[in-house]
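Grab your favourite viewer and work through these exercises with the model open. Each one sets a task and then walks through a solution.

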Amino acid sequence: ETSYEIIPNKRNPKKAKIHYELLTPQDEVVTYGSQEIELDMRREDTLRLVAQIPDTMVWSARNPILYTLRLKTQTEGRYTEYVSLKVGFRTVGNTRGQLAINGYPAALKAVPDLGTTVSPSQLLEWKEQGYNLILLPAGGVSGALYDLCDRYGFYVVEQAPINTSRSGMSRRKGGNPSNDPAWQAAYIARIEESYHTTKLHPCVVAFSLAEDSANGINLYEGYLHLKGLEKERPVLYPDAGGEWNSDKLRLSAEQ
């Protein structure tokens, strides 16, 4: 199952028909059709498409199969928007503290030192060396990297752009902003934006709340907010220190 969010561009309610077509990597049609929708400027909705995907055609780091989803919007008889997306179908779970992809435990080997820029050749080199997991830094990552990880088969831990390491680890007033309620809205906004920006990439198998930002009320609420958006993918925060706002999941290098 995949979803496509539609945000109208005019204030008054308007009807539209969304035409869709899902293609295999060999350009064979899996499903097609259309759905009608009515929205105004202040609302958004989700169009849900359901298709049968064989187990042999699901996405994983070992078998990064990508389908093509084509969408076009028809308004007042005219086609007004065309969108083509690469999508992968897979499930993510947590099996006794180990990442499970499509119901099977995933052997993980994390890239040790991720630079500020990553080239396709570097990804292929890591792939040949047996690496399949990337823990992204807190912000500043090119959107093209997610597309490459989808294509080449890398698992990605998406990290919200929050780093307050310069403020120290104290939870007392005037200490780290992670325990200051005045910063809560800003924390939630960054965590949610990180989620929505990357949620449709099959490579993104887990989310991290922040980087080197102590712990406190804002990261407790951030964890609950992410779980409210999606329950399946693990939410991690290494600096939680064993507290409840980080799912227990091993991301150590294994072969």
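**Exercise 1.** Which residues of H4 are buried?

Before starting, some ground rules: this is a predicted model, where local features need pLDDT of at least 70, side-chain atom pairs count only at pLDDT 80 or more, and totals for chains, interfaces and linings use all residues. Residues are numbered from 1 along each chain as its sequence is written, and side-chain values use heavy atoms, with hydrogens and water left out.

*Solution.*
- Step 1: find the helix. H4 covers residues 217-229; helices (H or I, at least four residues) and strands (E, at least two) are DSSP runs, numbered from the N terminus.
- Step 2: apply the cut-off. Buried means under 20% relative accessible area, exposed over 50%, and partly exposed in between (1.4 Å probe, protein chains only).
- Step 3: read off the list. Asn218, Leu219, Tyr220, Gly222, Tyr223, Leu226 and Lys227 are the buried residues of H4.
- Step 4: look at what they pack against. The partners are helix H3 (184-198), strand S12 (204-208) and strand S13 (235-236), with contact meaning heavy atoms within 4.5 Å.

**Exercise 2.** Check the length of H4 against the expected span for its 13 residues.

*Solution.*
- Step 1: the expected span of a helix is 1.5 Å times one less than its number of residues.
- Step 2: for the 13 residues of H4, that comes to 18 Å.
- Step 3: the end C-alpha atoms of H4 are 18 Å apart, so the model agrees with the expectation.

**Exercise 3.** Work out the surroundings of Lys227: is Lys227 buried or exposed, and which residues is Lys227 in contact with beyond its sequence neighbours?

*Solution.*
- Step 1: Lys227 has a relative accessible area of 19%, so Lys227 counts as buried.
- Step 2: skip neighbours within four places in sequence, and the contacts of Lys227 are Arg233, Pro234, Val235 and Asp247.
- Step 3: go for the polar part. The side chains of Lys227 and Asp247 share a polar contact of 2.9 Å. That term covers a pair of N or O atoms within 3.5 Å; within protein, one must be able to donate a hydrogen and the other to accept it, and residues adjacent in sequence count only if both atoms are side-chain atoms.

**Exercise 4.** Do the same job for Ser246, in the segment after S13.

*Solution.*
- Step 1: Ser246 is buried because its relative accessibility is 16%.
- Step 2: leaving out residues up to four places away in sequence, Ser246 touches Tyr223, Val235, Leu236, Tyr237 and Ala240.
- Step 3: a polar atom of the Ser246 side chain lies 2.8 Å from the backbone nitrogen of Tyr237.

**Exercise 5.** Describe how H3 meets H4, then how H1 meets H2.

*Solution.*
- Step 1: the axes of H3 and H4 come within 9 Å and cross at roughly 35°. Axes are lines fitted to C-alpha atoms, for helices over the stretch in contact, and angles run from 0 to 180 degrees between N-to-C directions.
- Step 2: H3 passes H4 in a right-handed crossing. A crossing is left-handed if the near helix is turned anticlockwise from the far one by less than a right angle, and right-handed if clockwise.
- Step 3: H1 (residues 120-128) packs on H2 at about 35°, with the axes 11 Å apart. Making that contact are Pro120, Leu123, Leu124 and Lys127 of H1, and Leu145, Leu148 and Tyr152 of H2.
- Step 4: H1 also passes H2 in a right-handed crossing.

**Exercise 6.** In what order do the 3 strands of the open sheet with S7 come?

*Solution.*
- Step 1: the order is S7-S8-S9, with antiparallel pairing. The edge strands are S7 and S9 (104-105), each pairing on one side only.
- Step 2: count bridges, remembering that two strands pair if DSSP finds at least two bridges between them. S7 (residues 92-95) and S8 (residues 98-101) are joined by 4 bridges, while S8 and S9 pair over 2 bridges.
- Step 3: match residues across the strands. Thr95 stands opposite Gln98 in S8, and Ile101 stands opposite Tyr104 in S9.
- Step 4: inspect the turn. S7 and S8 form a hairpin with 2 residues between them, and Arg96 in the turn has a positive phi of about 50°.
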